[in-house]
Amino acid sequence: MAKVLVRVNTPVYGRGVIERLTKSDWIAHGLRTLAGDGVAGLKVGSMATGLQVSRGSFYWHFEDIADFRSQLLKSWQERTTDQVIRELETEAEPERLKQLLTRAFDARPTVDRAIRSWAAEDEAVAAIVASVDARRIAYIADLIVAAGVERQRASRRATFLYWAWLGQTIVMDPSHASLADVEMDDICELFES
């Protein structure tokens with residue numbers, strides 16, 4: 001008779017398993033850790049402690065820390081780029097640019113900031129960030145083209161908008177870190193036809 005392996009998370013000694021952690025739980029915790037502590041916080045032991053499980057739970061889902069970091073970056077790209085684009089594609093054409101700008105400039109992207117800091121120290125991460133940046137800029141350019149601007153001008157405008165968004169993420173005074181909807185409408189008009 002063949003033995004069947006049962007998937008479990010190993011609890012920290014003295015505690016029972018309340019619910020099983022999934023790979024997604026680990027990734028979400030990793031993104032929060034990265035946003036709060038930077039890449040130095042992405043250590044198996046400290047993350048396991050934060051989740052109140054043993055290190056074995058981590059190794060059930062990931063080969064090693066390199067595998068975890070790779071999947072963390074893929075998840076970041078999926079959540080902050082691919083998923084956003086899919087959601088925007090459900091909007092009517094004239095509203096997509098405004099919706100994107102409103103979402104982008106209303107958010108406080110602490111994870112993006114942490115990943116960019118990580119990319120400054122790691123060439124492989126920098127290559128992934130560069131790829132994400134290129135995809136985001138190309139999508140913004142497509143939205144600007146759809147608003148009536150020819151492709152070359154749209155690409156320059158998209159790049160400028162992206163630079164503005166990156167700069168907005170480091171503004172410390174909250175009174176200068178956001179715009180009202182009416183003001184965002186005015187800004188959007190600058191990038192259309």
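## Helix packing in an all-helical chain

Leu34 has 0% relative accessibility, so it counts as buried. The model behind this value is predicted. Leu34 belongs to helix H1, which covers residues 23-37.

What surrounds Leu34? Beyond its neighbours within four places in sequence, Leu34 is in contact with Val39, Leu42, Leu72, Ala114, Ile115 and Trp118. One of these partners, Ala114, lies 80 residues away along the chain. The C-alpha atoms of Leu34 and Ala114 are nevertheless 6.2 Å apart.

**The chain as a whole**

The chain holds nine helices and zero strands. Read from the N terminus, its elements run α-α-α-α-α-α-α-α-α. Of the 193 residues, 38% are buried. Take the contacts between residues at least 6 apart in sequence: 65% of them join residues at least 24 apart.

**Two helix pairs**

Two packed helices are described by the angle between their axes and the distance between the axes. The table gives both values for two pairs.

| Pair | Residues | Axis angle | Axis distance |
|---|---|---|---|
| H1 and H6 | H6: 110-119 | roughly 70° | within 8 Å |
| H7 and H8 | H7: 123-146; H8: 151-168 | about 125° | 8 Å |

How are H1 and H6 oriented to each other? The axes cross at roughly 70°, and H1 and H6 are therefore roughly perpendicular. H1 brings Leu31, Leu34 and Ala35 to the contact. H6 brings Thr110, Val111, Ala114, Ile115 and Trp118. By class, the residues of this contact are seven nonpolar, one polar and no charged. Leu34 thus appears again here, on the H1 side. Its partners Ala114, Ile115 and Trp118 appear on the H6 side.

H7 and H8 pack at about 125°, and the two helices are therefore oblique to each other. Their crossing is right-handed. On H7, the contact residues are Asp133, Arg136, Ile137, Ile140, Ala141, Asp142, Ile144 and Val145. On H8, they are Arg151, Ala154, Ser155, Arg157, Ala158, Thr159, Leu161, Tyr162 and Trp165. This contact divides into 10 nonpolar, two polar and five charged residues.

**Helix H5**

Does the length of H5 agree or disagree with the expected span? H5 runs over residues 93-106 and has 14 residues. At 1.5 Å a residue, H5 should span 20 Å; its end C-alpha atoms are 21 Å apart, which agrees.

The buried residues of H5 are Arg96, Leu97, Leu100, Leu101, Thr102, Ala104 and Phe105. An α-helix has 3.6 residues a turn, so residues three or four places apart point the same way. The cover over the buried residues of H5 includes helix H4 (65-88), H7, H8 and helix H9 (181-190). H7 and H8, which pack against each other, thus also take part in covering H5.

**Two glutamines**

Gln71 sits in helix H4. Its relative accessibility is 19%, so Gln71 counts as buried; the cut-off for buried is under 20%. Setting aside residues up to four places away in sequence, Gln71 touches Lys23, Ile27 and Phe62.

Where does Gln52 lie? Gln52 is in the loop between helix H2 (44-51) and helix H3 (55-61). Its phi is near 60°, a positive value in a residue other than glycine. At 46% relative accessibility, Gln52 counts as partly exposed.

Terms used:
Residues numbered from 1 in each chain as written. Predicted model: local features only at pLDDT ≥ 70, side-chain atom pairs only at ≥ 80, totals over all residues. Heavy atoms only, no water. Helix = DSSP H or I, 4+ residues; strand = E, 2+ residues; numbered from the N terminus. Buried < 20%, exposed > 50% of the residue type's maximum accessible area, 1.4 Å probe, protein only. Contact = heavy atoms within 4.5 Å. Axes fitted to C-alpha atoms, helices over the stretch in contact; angles between N-to-C directions. Parallel < 35°, antiparallel > 145°, perpendicular 65-115°, else oblique. Nonpolar A, V, L, I, M, F, W, Y, C, P; charged D, E, K, R; others polar. Left-handed = near helix turned anticlockwise from the far one by under 90°. Expected span 1.5 Å × (residues − 1).
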